[in-house]
Amino acid sequence: MNLNGKIALVTGASRGLGEGAARALAKQGAAVMLLARDGALVQKVAQEIGGGAAALACDVSDYAAVERAVAATRKRFGGLDILVNNAGVIEPISDIASSDPAAWARNIQINLIGAYNVLRAVLDGMAKAGGTIINVSSGAAYRPLEGWSSYCASKAGLAMLTRSIKLETGARGIRVFGFSPGTIDTDMQVKIRASGINAISQIPRADLSPVEHAVRGLLYLCDSASDDLIGEDASMRDEAFRKRIGLG
Ligand code: NAP
């Protein structure tokens with residue numbers, strides 16, 4: 001895939017799937033802005049990528065900070081073609097009955113409102129020039145899992161945002177997708193295993209998928225070959241999708 005001349009913004013790019021996506025997009029030739037709350041860590045990743053990569057500390061739950069980061073991306077690189085809306089947290093892992101209301105709300109503030117914040121900040125400009133948006137979803141958007149009510153609710157809401165964007169902007173050249181990466185070997189899964197709550201926490205690390213597989217799926221959505229999936233949640237658990245990306 002040739003992404004020369006394309007400009008990408010990746011949230012949650014300091015580790016895990018976001019880091020993998022940023023590295024892969026840069027390798028295909030895109031200029032990439034990496035965002036995460038930990039500025040030092042995300043800077044380090046950008047420096048390792050080198051050349052056309054830059055980084056900013058940004059908490060996606062803060063709309064003003066997101067707006068500044070998007071403006072800085074456009075100023076530095078001259079546009080924005082690809083958004084990987086990836087930043088997310090699993091916490092709090094707890095039954096609803098004993099959950100901390102502030103922690104529950106914080107999850108929604110990051111996973112759903114944070115994702116909305118980034119969409120809100122990029123959509124207008126992107127609608128003028130066209131572009132690709134990938135909202136990182138989860139099987140949890142469709143399947144309730146005990147102890148994960150805030151996470152499941154946040155991802156279900158994000159799936160509806162994906163569909164809403166297709167409805168509102170599809171005719172204006174925005175390619176929007178949800179993307180479920182499967183259960184992948186990242187820090188998020190370390191926290192999940194430590195909790196011991198629900199079936200996902202029982203999956204041995206050796207059975208998790210490598211980040212590289214999910215990154216392959218994510219990159220596929222940046223190409224017109226995936227146009228028939230616009231507005232949908234593509235899933236790494238879907239055999240037909242895996243075949244399309246050569247993992248069949
Ligand atoms: P991860 O290893 O925990 O990384 C999460 C990333 O998001 C980090 O870069 C983190 O950096 C950033 N982040 C968290 N809160 C943020 C905030 N408020 N503002 C900006 N950045 C923030 O998680 P991951 O497994 O790579 O997950 C990435 C995405 O995939 C998430 O949306 C997750 O829900 C989804 N997903 C993961 C799995 C899985 O099996 N791992 C499965 C399905 C879906 P800072 O902490 O420095 O901000």
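Three helices, α1 (16-27), α6 (149-169) and α7 (187-195), each give at least two residues to the shell around the ligand in this structure. Keep in mind that this is a predicted model. The ligand sits in the largest pocket, and that pocket is where most of this briefing goes. After that come a second pocket and two backbone details.

**Who surrounds the ligand**

- There are 30 residues around the ligand, and Ser-14, Asn-86, Tyr-151, Thr-186 and Gln-189 come nearest.
- Which helix supplies the largest share of the shell around the ligand? That's α7, with 3 residues.
- Sorted by class, the shell is made up of 13 nonpolar, 11 polar and 6 charged residues.

**Atoms that meet the ligand**

- The side chain of Gln-189 has an N or O atom 2.7 Å from an oxygen atom of the ligand. Gln-189 is also one of the residues that come nearest to the ligand.
- Lys-155 uses its side chain too: an N or O atom there is 2.9 Å from a ligand oxygen atom.
- Gly-12 does things through its backbone instead, with an N or O atom lying 3.1 Å from an oxygen atom of the ligand.
- How much of the ligand does the protein bury? On its own, the ligand would expose 880 Å², and the protein buries 96% of that.

**The largest pocket**

- This pocket, the one the ligand sits in, holds about 860 Å³ of space.
- Its lining counts 44 residues, and the ones closest to its centre are Asn-86, Gly-88, Val-89, Thr-186 and Met-188. Two of those names, Asn-86 and Thr-186, also turn up among the residues that come nearest to the ligand.
- At least two lining residues come from each of α1, β2 (31-36), α6 and α7.
- Helix α7 makes the largest contribution to the lining, with 5 residues. As you saw above, α7 also has the largest share of the shell around the ligand.
- Split by class, the lining has 20 nonpolar, 14 polar and 10 charged residues.

**The second largest pocket**

- Here you'll find about 150 Å³ of space.
- Which residues lie nearest the centre of the second largest pocket? Leu-3, Lys-6, Ile-82, Thr-132 and Cys-222 do, out of 13 that line it.
- The classes in this lining come out as 4 nonpolar, 5 polar and 4 charged residues.

**Two backbone details to look up**

- Glu-91 and Pro-92 are joined by a cis peptide bond, with omega at about 5°.
- To find Pro-92 in the 3D view, head for the loop between β4 (82-85) and α4 (101-111).
- Asn-198 isn't a glycine, yet it has a positive phi of about 70°.
- Look for Asn-198 in helix α8, which covers residues 198-201.

Methods: Residues are numbered from 1 along each chain as its sequence is written. This is a predicted model: local features need pLDDT of at least 70, side-chain atom pairs count only at pLDDT 80 or more; totals for chains, interfaces and linings use all residues. Side-chain values use heavy atoms; hydrogens and water are left out. A residue is near a molecule or strand if one of its heavy atoms lies within 4 Å of it. A polar contact is a pair of N or O atoms within 3.5 Å; within protein, one must be able to donate a hydrogen and the other to accept it, and residues adjacent in sequence count only if both atoms are side-chain atoms. Accessible areas come from the Shrake-Rupley method with a 1.4 Å probe; for residues, only the protein chains shown count as cover. On a 1 Å grid over the protein atoms alone, a cavity is a set of points where a 1.4 Å probe fits but cannot get out, and a pocket is an open set with protein on both sides within 12 Å along at least five of seven lines; lining residues have an atom within 4 Å of a point. A molecule sits in a cavity or pocket if more than half of its atoms lie within 2 Å of its grid points. Helices (H or I, at least four residues) and strands (E, at least two) are DSSP runs, numbered from the N terminus. Ala, Val, Leu, Ile, Met, Phe, Trp, Tyr, Cys and Pro count as nonpolar, Asp, Glu, Lys and Arg as charged, and the others, Gly among them, as polar. Grid points are joined across faces, edges and corners, and a volume is the space filled by probe spheres set on the points.
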